[in-house]
There are 2 protein chains.
Amino acid sequence: MSSNQDNLTLCPVEITLTLIGGKWKILILRDLMQGTKRFNQLLKSINGINQKVLTQQLRSMEKDGLIIRKVYPEVPPKVEYTLTELGLSLKPILDAMYEWGEKYKKIKG
Amino acid sequence: MSSNQDNLTLCPVEITLTLIGGKWKILILRDLMQGTKRFNQLLKSINGINQKVLTQQLRSMEKDGLIIRKVYPEVPPKVEYTLTELGLSLKPILDAMYEWGEKYKKIKG
DNA sequence: CTGTATCCTAGAAGATACTG
DNA sequence: CAGTATCTTCTAGGATACAG
């Protein structure tokens, strides 16, 4: 898994990939860019992910300083996930991906 | 594998991911953004990839219209890979990833 | 040099059941 | 609701050998 202890001799693009590569993190970021979300909200809005994998990805992103996990000591439990400043700073990447996908859709769709 | 037959009802970010997701395509794009490259050049400059996987990824990207493969009928063979216009249009994404990686390096390094 | 063709493996991802 | 804990499946990726 990625971590902030990864080799910092990698090229900048590779560094970025170690933190947001993989099948799901970009999609989690896409959702959290809209604001704080609860675990179940993420689970529903991310097509095809399951509970275990979502938990794993969120933990990894928390460890990497991209998101913050806030637990409300209630019953039933309530857990909210929010982007950190570092996480928010990924927005230009997400925006570029969004724009490219839009254009591609128009061409091919 | 990704293809241009993927479900176009996906959100734009997901569409982009189907075309450039995975462990290697971004790195191949990074290299080809600098211009046409031969197979062996790519093999050497992409850290950790092997021949089979590089071939697979290049075929997939060719099928998706991101790159063009040009074979020179020589002995020994010479094959060059070049970005198409569509492939080139991914540059903003690569640039954003590069910039983010740079900043991250400065903070953590 | 640029590929196929096999075979193999690690680990990501998924299904299911259970819990505070 | 938001998780663990297991067990299983799957496939991207890797190692190796060979070929035009």
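Modeller: Let's begin with a term: a residue counts as buried when its relative accessible area is under 20%. Keep in mind that this is a predicted model.

Colleague: Thanks! Why is Leu66(B) called buried?

Modeller: The relative accessible area of Leu66(B) is 0%, and the cut-off is under 20%, so Leu66(B) is buried. Leu66(B) sits in the loop between helix H4 (51-63) and strand E2 (67-72) of chain B.

Colleague: Leaving aside neighbours within four places in sequence, what is Leu66(B) in contact with?

Modeller: Contact means heavy atoms within 4.5 Å. The partners of Leu66(B) include Leu19(B), Ile20(B), Met61(B) and Leu90(B), and Trp100(A) is among them too.

Colleague: How far apart are Leu66(B) and Ala96(B) in space?

Modeller: They are 19 Å apart, C-alpha to C-alpha, and 30 residues apart in sequence.

Colleague: What makes an empty space a cavity?

Modeller: A 1.4 Å probe fits there but cannot get out. The search of the whole structure finds 3 cavities of 30 Å³ or more, and the largest has a volume of about 150 Å³. Among the 14 residues lining that largest cavity, the closest to its centre are Leu17(A), Ile20(A), Ile26(A), Leu17(B) and Ile26(B).

Colleague: How do the lining residues of the largest cavity divide into nonpolar, polar and charged?

Modeller: There are 10 nonpolar, 4 polar and no charged residues in that lining.

Colleague: And what is the average pLDDT of chain A?

Modeller: Chain A averages 91, with 93% of the residues scoring at least 70. Over residues 1-5 of chain A, though, the pLDDT is below 50.

Key
Residues numbered from 1 in each chain as written. Chains lettered and ligands numbered in written order. Predicted model: local features only at pLDDT ≥ 70, side-chain atom pairs only at ≥ 80, totals over all residues. Heavy atoms only, no water. pLDDT = per-residue confidence, 0-100. Helix = DSSP H or I, 4+ residues; strand = E, 2+ residues; numbered from the N terminus. Buried < 20%, exposed > 50% of the residue type's maximum accessible area, 1.4 Å probe, protein only. 1 Å grid on protein atoms, 1.4 Å probe; cavity = no way out; pocket = protein on both sides within 12 Å on 5 of 7 lines; lining within 4 Å. Points joined across faces, edges and corners; volume = space filled by probe spheres on them. Nonpolar A, V, L, I, M, F, W, Y, C, P; charged D, E, K, R; others polar.
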